[in-house]
Amino acid sequence: MNESPGAADARPRAMKVLDRLREDHLLGVRFAVNVFFASIIIWIMLRFLTDASPIWGMASMIASSEPVVKQGLKMFWCRLTNTLVGCTVGLLFLVVGEPTPWRLPFALAITVLLASYVVRIQVMWRQAPITAAIVIAGGLSVHSKMSGVESGLRRVIEVIFGCVVALAVSWLMATIWPVPDSDPAPKAASPH
């Protein structure tokens, strides 16, 4: 019986996929599992216990998730720092003067400059202007300074909560299903 040319190529392609999965220690699968469980936690905690929308927490969790805990911890601190910069600038723009959509471009530009030249944490540096936009947008949607500040702070807390959940799930999953070191173990010297 003759095999079609496509069938002969299917086996080597399948082997390449399996080799790739073994080579990276199933990091993609680990990432998917982390995101799956973390999104359930965020959904339940924010939606059902606080009646908040889980979207900001989930977006933050996905951006912060990492199957390797050491990298996840680095992402957490970088994201947290830039989130706090964006929150501070956003709140300042909400509190000073009258809320207007024209403040948003100025706030974003100032936040980018602060994140780029003062804070200088390039990992997750885009988080600073994103957070400023979240805070200001929350303030513009409620048409009140105090309500805007409250709305902006609530969203920032949801973002930080997403980061914390991502880190906690990464740590828990690494405890249950450790990621092997990527460096080969040193070979023992032979006694001969």
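**A lone salt bridge, two regular helices and a nonpolar surface patch**

A salt bridge joins the side chains of Arg154 and Glu150, with 3.1 Å from N to O. The model in which this pair appears is a predicted one, and the structure holds 1 salt bridge in total. Both partners belong to helix 7, where Arg154 and Glu150 are 4 residues apart, or about one turn of the helix. An α-helix has 3.6 residues a turn, so residues three or four places apart point the same way. Side chains of opposite charge can pair when their charged atoms come close. As for the surroundings of the pair, Arg154 has a relative accessibility of 40% and therefore counts as partly exposed. Glu150 is likewise partly exposed, because its relative accessible area is 49%.

Helix 7 (145-176) also takes part in packing with helix 6, whose buried residues pack against helix 3 (55-64), helix 4 (69-95) and helix 5 (103-119) as well. It is worth following this helix along its length. The buried residues of helix 6 include Gln127, Ala128 and Pro129, and further along Ile134, Val135 and Ile136 are among them too. Gly138, Gly139 and Leu140 are also on the list of buried residues in this helix. Helix 6 runs over residues 127-142, and its 16 residues should span 22 Å at 1.5 Å a residue; the end C-alpha atoms are 23 Å apart, so the two values agree.

Helix 4, one of the packing partners of helix 6, gives a similar check on its geometry. With 27 residues, helix 4 reaches 38 Å from its first C-alpha to its last, close to the 39 Å expected at 1.5 Å a residue. Just after helix 4 comes Gly97, which takes a positive phi of about 80 degrees.

The cysteines deserve a brief word. Cys87 counts as buried because its relative accessibility is 7%, under the 20% limit. Cys163 is buried too, since its relative accessibility is 3%. A disulfide requires a pair of cysteine sulfur atoms within 2.5 Å, and by this rule the count comes to 0 disulfides.

The surface offers a final feature. A nonpolar patch is formed there by Phe36, Phe37, Ile40, Ile41, Trp43, Ile44, Met45, Phe48 and Leu49, which together have about 900 Å² of accessible area. One of these residues, Trp43, lies in helix 2 (residues 27-49). Trp43 has a relative accessible area of 39%, so this residue is partly exposed.

Technical notes: Residues are numbered from 1 along each chain as its sequence is written. This is a predicted model: local features need pLDDT of at least 70, side-chain atom pairs count only at pLDDT 80 or more; totals for chains, interfaces and linings use all residues. Side-chain values use heavy atoms; hydrogens and water are left out. Buried means under 20% relative accessible area, exposed over 50%, partly exposed in between (1.4 Å probe, protein chains only). Helices (H or I, at least four residues) and strands (E, at least two) are DSSP runs, numbered from the N terminus. The expected span of a helix is 1.5 Å times one less than its number of residues. Contact means heavy atoms within 4.5 Å. Patches are made of residues with over 30% relative accessible area and no salt bridge: like charges are joined within 9 Å, nonpolar side chains (Val, Leu, Ile, Met, Phe, Trp, Tyr) within 5 Å. Accessible areas come from the Shrake-Rupley method with a 1.4 Å probe; for residues, only the protein chains shown count as cover. A salt bridge is a side-chain nitrogen of Lys or Arg within 4 Å of a carboxyl oxygen of Asp or Glu.
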